[in-house]
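Visitor: I'd like a close look at one single part of this structure. Could you pick a helix and walk me through it, and then tell me a little about what surrounds it?

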2 protein chains.
Amino acid sequence: MKPDGSSLIGFGSGGPGGASFKAFDPAMDIFIEPSFPTVDASDVERAVQLAVAAAPAWAKLAGAQRGKFLRCIAENLESKIDDLVARAGQETGLPAARLQGEVARTAGQLRLYAEAAERGDWLDARIETAQPERTPLPKPDHRSMLRAIGPVVVFGSSNFPFAYSVAGGDTASAFAAGCPVIVKAHPAHPGTSEMVGRLILHAVRDCGLPEGTFSLLFDAGFEVGQTLVQHPAIRAVGFTGSLRGGRALTDLAAARPEPIPVYAEMGSVNPVFITAGALAERAAALVDGLHASATVGVGQFCTNPGLVVLERSSAAENFVARLTEKLRTTPEATLLTVGMHKAFVGNTERRARQPGVKMLVQAPMSAACGAAPVWFETEAKHFLGNHALSEEIFGPSSLVVWCENRAEMFAVAQRLEGSLTATLHAAAGERTAQRDLLDVLAERAGRVILNGFPTGLEVSHAIVHGGPYPSTSDGGRSTSVGTRALHRWARLICYQNFADELLPPELQNTNPLGLRRLVNGEWSSGRI
Amino acid sequence: MKPDGSSLIGFGSGGPGGASFKAFDPAMDIFIEPSFPTVDASDVERAVQLAVAAAPAWAKLAGAQRGKFLRCIAENLESKIDDLVARAGQETGLPAARLQGEVARTAGQLRLYAEAAERGDWLDARIETAQPERTPLPKPDHRSMLRAIGPVVVFGSSNFPFAYSVAGGDTASAFAAGCPVIVKAHPAHPGTSEMVGRLILHAVRDCGLPEGTFSLLFDAGFEVGQTLVQHPAIRAVGFTGSLRGGRALTDLAAARPEPIPVYAEMGSVNPVFITAGALAERAAALVDGLHASATVGVGQFCTNPGLVVLERSSAAENFVARLTEKLRTTPEATLLTVGMHKAFVGNTERRARQPGVKMLVQAPMSAACGAAPVWFETEAKHFLGNHALSEEIFGPSSLVVWCENRAEMFAVAQRLEGSLTATLHAAAGERTAQRDLLDVLAERAGRVILNGFPTGLEVSHAIVHGGPYPSTSDGGRSTSVGTRALHRWARLICYQNFADELLPPELQNTNPLGLRRLVNGEWSSGRI
């Protein structure tokens with residue numbers, strides 16, 4: 001399986017299009033064939049119209065059929081894992097083992113969302129039966145649930161070419177919820193994107209689903225994405241990437257004649273607080289754990305720990321010295337793109353010049369897109385007075401913040417911007433003494449971690465991958481990972497006094513799908 | 001109990017403030033004492049800071065305590081119902097019986113939301129227990145739920161001085177979810193607002209809740225509302241009113257450095273489609289039912305049926321003639337405000353001048369704020385070509401759209417903007433033949449009604465009062481009525497590897513609150 005360089009418009013291909021681009025191998029420092037032309041405006045419109053045409057059938061598609069389709073995509077990915085990993089490896093510089101694991105995770109989340117679609121709990125089906133005799137007014141029959149919102153646009157992310165890209169969590173959860181999806185491919189891995197897109201289309205055909213269920217669009221610039229977000233037929237947007245990019249899309253969507261939601265997962269510093277007690281208990285394990293979490297994926301994870309907050313002590317200084325030594329000997333690795341490498345160099349240079357900031361470690365870098373850890377340290381007073389130090393540097397760079405005392409540590413916590421995660425390491429005996437700090441962290445993050453590390457995201461019913469702004473555009477009301485992700489692609493619908501045969505099966509008396517429903521205020525999986 | 005004309009800032013009062021205004025009695029055409037000064041900027045800031053200070057305690061407040069507080073407010077309202085109805089009657093021109101019913105409904109919804117808070121199902125508590133032995137990676141313990149979002153601003157609505165105002169659905173659901181509330185009073189019923197505000201504050205004190213739980217602010221203009229929506233400490237906004245007002249607030253909130261959600265319930269035309277079969281079956285009942293629905297509350301309900309779509313036939317013409325006759329003899333009644341009366345006169349005059357639009361009925365009007373039904377008719381071809389005919393006219397005015405055939409009726413449905421409700425009247429034998437029309441209506445509305453009328457809103461678990469834009473600002477993802485309304489004031493939080501005693505009780509092993517939780521993928525009300 002190889003990419004041929006064309007956008008996928010329903011079951012067809014994009015035309016010759018506009019300015020073209022090629023993938024770039026950041027490890028080898030070379031461009032890779034083929035060329036991917038920017039899709040032209042008429043093909044964008046065709047993709048949207050196909051999605052519009054497919055949407056009513058999709059909104060009615062049974063959960064079982066959505067589940068079958070998602071499982072089919074998962075199988076298709078697994079059947080081509082070698083081809084996918086080879087191409088993705090070239091396009092991202094990521095090692096094969098990581099990419100194999102990511103394909104497995106992507107298939108796993110497709111199957112978990114399939115299960116959610118099949119089970120249907122997420123629909124929140126509710127029934128209030130009529131009471132025609134009630135006084136002073138009869139009570140009507142009301143039955144309500146979530147329904148698919150319609151055509152959705154997903155922006156592929158660069159840092160996870162499978163799990164957050166073409167067949168990643170946004171696409172999978174939108175399909176699971178019953179929405180057609182148009183993916184704007186990330187230009188950093190177009191070949192991988194096209195291959196995955198074709199595997200999705202195989203599943204569309206094999207499952208007998210309508211053309212327009214899925215399209216994949218390439219763009220050398222930003223215009224296609226902007227057109228999609230502003231298109232009146234598009235109902236919602238999923239995005240994973242930078243704060244700047246996410247905010248631009250959110251602003252475009254909010255300014256539409258009819259605003260639509262943008263679920264943008266953006267930057268996050270993922271602070272890690274470490275108490276003296278934790279250092280006394282397990283400094284060596286903390287050095288290893290923090291080092292692993294901060295360097296996995298060359299620091300290019302949204303959950304990368306970018307801020308380490310410590311009370312100054314000789315034990316803490318010793319801890320940082322050991323961590324620094326380990327970082328210094330961390331081999332250089334390849335960043336995803338030339339642009340990211342440039343930003344990493346620029347951002348770390350800028351940080352080095354901030355008042356009160358000292359370089360902790362900066363290993364020499366050689367390869368074009370290579371990066372090794374660049375860590376900084378500063379005093380809490382500088383952190384508290386300089387907002388630039390709160391900003392995420394994407395890549396293997398973190399900032400150690402030294403606090404004079406616990407009050408200052410607490411002040412740093414209160415100053416934090418919204419993050420996907422916030423972590424506290426404390427000793428067993430001092431955990432309850434840290435309750436107030438944990439409360440502040442819970443106000444600042446979507447996931448609070450005790451004695452663990454933020455990277456290594458579990459895809460489950462209970463996970464939350466979302467947090468207060470700026471980590472996400474919707475302030476953490478939703479999650480982009482886990483089965484709650486389906487809720488983003490739906491709205492409420494209520495049927496009043498409907499004849500049973502006109503209701504969707506989810507709300508019919510006999511409960512043919514065996515859903516768990518709230519019937520007259522009580523949960524029931526039975527018939528009425 | 002009488003209003004004294006001051007904003008309520010926590011347990012204190014607002015200072016002398018700026019430009020003041022008085023309530024206006026639209027039936028008597030006179031201003032009513034006392035004066036209400038616009039709250040000054042320092043008092044606005046004080047209200048916000050008190051809410052900020054109260055928010056952490058509120059986020060942790062047990063559901064039982066929130067429930068007790070809401071029930072206490074309900075009792076306080078009922079204990080002062082005569083005073084409240086007397087003042088509200090003066091300020092709104094609404095009849096006493098309607099206002100008494102509205103107080104009862106308001107108390108009822110406070111109690112329903114109390115029950116939701118006590119029960120805690122809405123929190124969506126989920127637990128995935130750790131699997132330390134899992135390979136290749138151990139599974140951490142994840143526990144997640146919704147948590148209160150923080151200080152919320154609610155804009156009182158003019159048309160329901162109790163149910164959608166100071167202690168109305170937005171306030172009640174925000175309290176139920178665990179958020180402090182600042183209400184910006186609607187200037188049309190400031191005395192009622194102050195009295196209800198004081199009753200809420202009695203409940204705050206009686207329940208031992210912190211100052212800052214509630215504040216009530218008066219403003220002769222728009223500045224206080226704008227300041228609140230833009231204030232960095234405010235986390236969400238509830239609004240019921242015009243499309244113009246709602247969109248202005250939504251735009252302000254979206255442009256903030258940190259955007260926040262605005263749940264605005266705005267205009268809605270609430271189309272009613274009537275088939276030939278329905279007319280053959282029960283024309284007389286349809287005349288009575290539609291007349292009642294279109295004139296209740298002088299047409300000032302958000303669910304007022306503003307569009308009636310019919311296939312032309314002699315039966316349909318006869319139906320409209322009988323309806324017209326009934327409308328013509330409907331007594332004039334008082335609109336809520338001078339501004340609404342002015343808008344009603346202007347909007348109906350403008351509609352009368354639209355090409356292809358004919359006046360069906362226009363009773364003479366005498367009193368200053370009096371209005372009687374003003375109905376229009378037009379052909380589907382004019383409706384389809386003129387967006388102005390899709391716009392809501394607030395008050396007792398509706399538009400009959402005549403279709404040549406069913407295809408045209410279907411085309412009208414497809415052209416509809418988003419509405420809170422859409423209604424189809426069909427005969428028993430033709431219901432399934434209307435399935436495609438019902439599908440289109442379900443795409444355009446939050447609540448689809450078969451053989452009923454849109455007014456008379458049930459407050460329940462299953463109701464949806466929300467719909468696609470422009471009927472609501474969030475496209476119908478949420479509801480402002482019913483127990484699902486709590487979800488608007490919350491975001492997700494996940495705890496990873498937390499010691500049991502550090503978890504909120506909702507997520508602890510012993511399940512001390514007896515919540516229904518999703519534990520390792522299975523619903524359970526037991527302990528772990």
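Guide: Here is a walk along one helix, followed by a step back to the domains and the two chains. Keep in mind that this is a predicted model.

Let's go with H9 of chain B, which covers residues 276-295. Count along this helix and you get 20 residues, yet its end C-alpha atoms are only 24 Å apart. A straight helix, at 1.5 Å a residue, would reach 28 Å. Now look for Arg282(B): a kink of about 100° in H9(B) is centred there.

Next, see which parts of H9(B) are tucked away. Ala278(B) and Leu279(B) are among its buried residues, and further along so are Leu286(B), Val287(B) and Leu290(B). Ser293(B), Ala294(B) and Thr295(B) are buried too. What do the buried residues of H9(B) pack against? Their partners in chain B are helix H10 (314-328) and the strands S12 (271-274), S13 (307-311), S18 (397-403) and S19 (419-425). Just past the helix, Gly297(B) has a positive phi of about 65°.

Now step back to the domains, using chain A. Domain 2 of chain A runs over 271-450, while domain 1 is pieced together from 8-20, 31-131, 138-266 and 478-488. Their centres, taken over C-alpha atoms, are 33 Å apart. Six residues of domain 1 touch eight residues of domain 2; on the domain 1 side, that's one nonpolar, four polar and one charged.

Finally, the pair of chains: a turn of 180° with a shift of 0.0 Å along the axis lays chain B on chain A, with an RMSD of 0.0 Å. The two copies are therefore related as by a two-fold rotation axis. Within chain B, Ala254(B) comes closest to that axis, its C-alpha lying 3.2 Å away.

Methods. Residues are numbered from 1 along each chain as its sequence is written. Chains are lettered from A and ligands numbered from 1 in the order in which they are written. This is a predicted model: local features need pLDDT of at least 70, side-chain atom pairs count only at pLDDT 80 or more; totals for chains, interfaces and linings use all residues. Copies are superposed by least squares on the C-alpha atoms of residues with pLDDT of at least 70 in both. Domain bounds come from an automatic or database domain assignment. Two residues are in contact if their C-beta atoms, placed from the backbone, lie within 7 Å. Ala, Val, Leu, Ile, Met, Phe, Trp, Tyr, Cys and Pro count as nonpolar, Asp, Glu, Lys and Arg as charged, and the others, Gly among them, as polar. Helices (H or I, at least four residues) and strands (E, at least two) are DSSP runs, numbered from the N terminus. The expected span of a helix is 1.5 Å times one less than its number of residues. The bend at a residue is the angle between axes fitted to the seven residues ending there and the seven starting there. A residue is buried if 20 or more other C-beta atoms lie within 10 Å of its own, exposed if 12 or fewer, and partly exposed in between; C-beta atoms are placed from the backbone.
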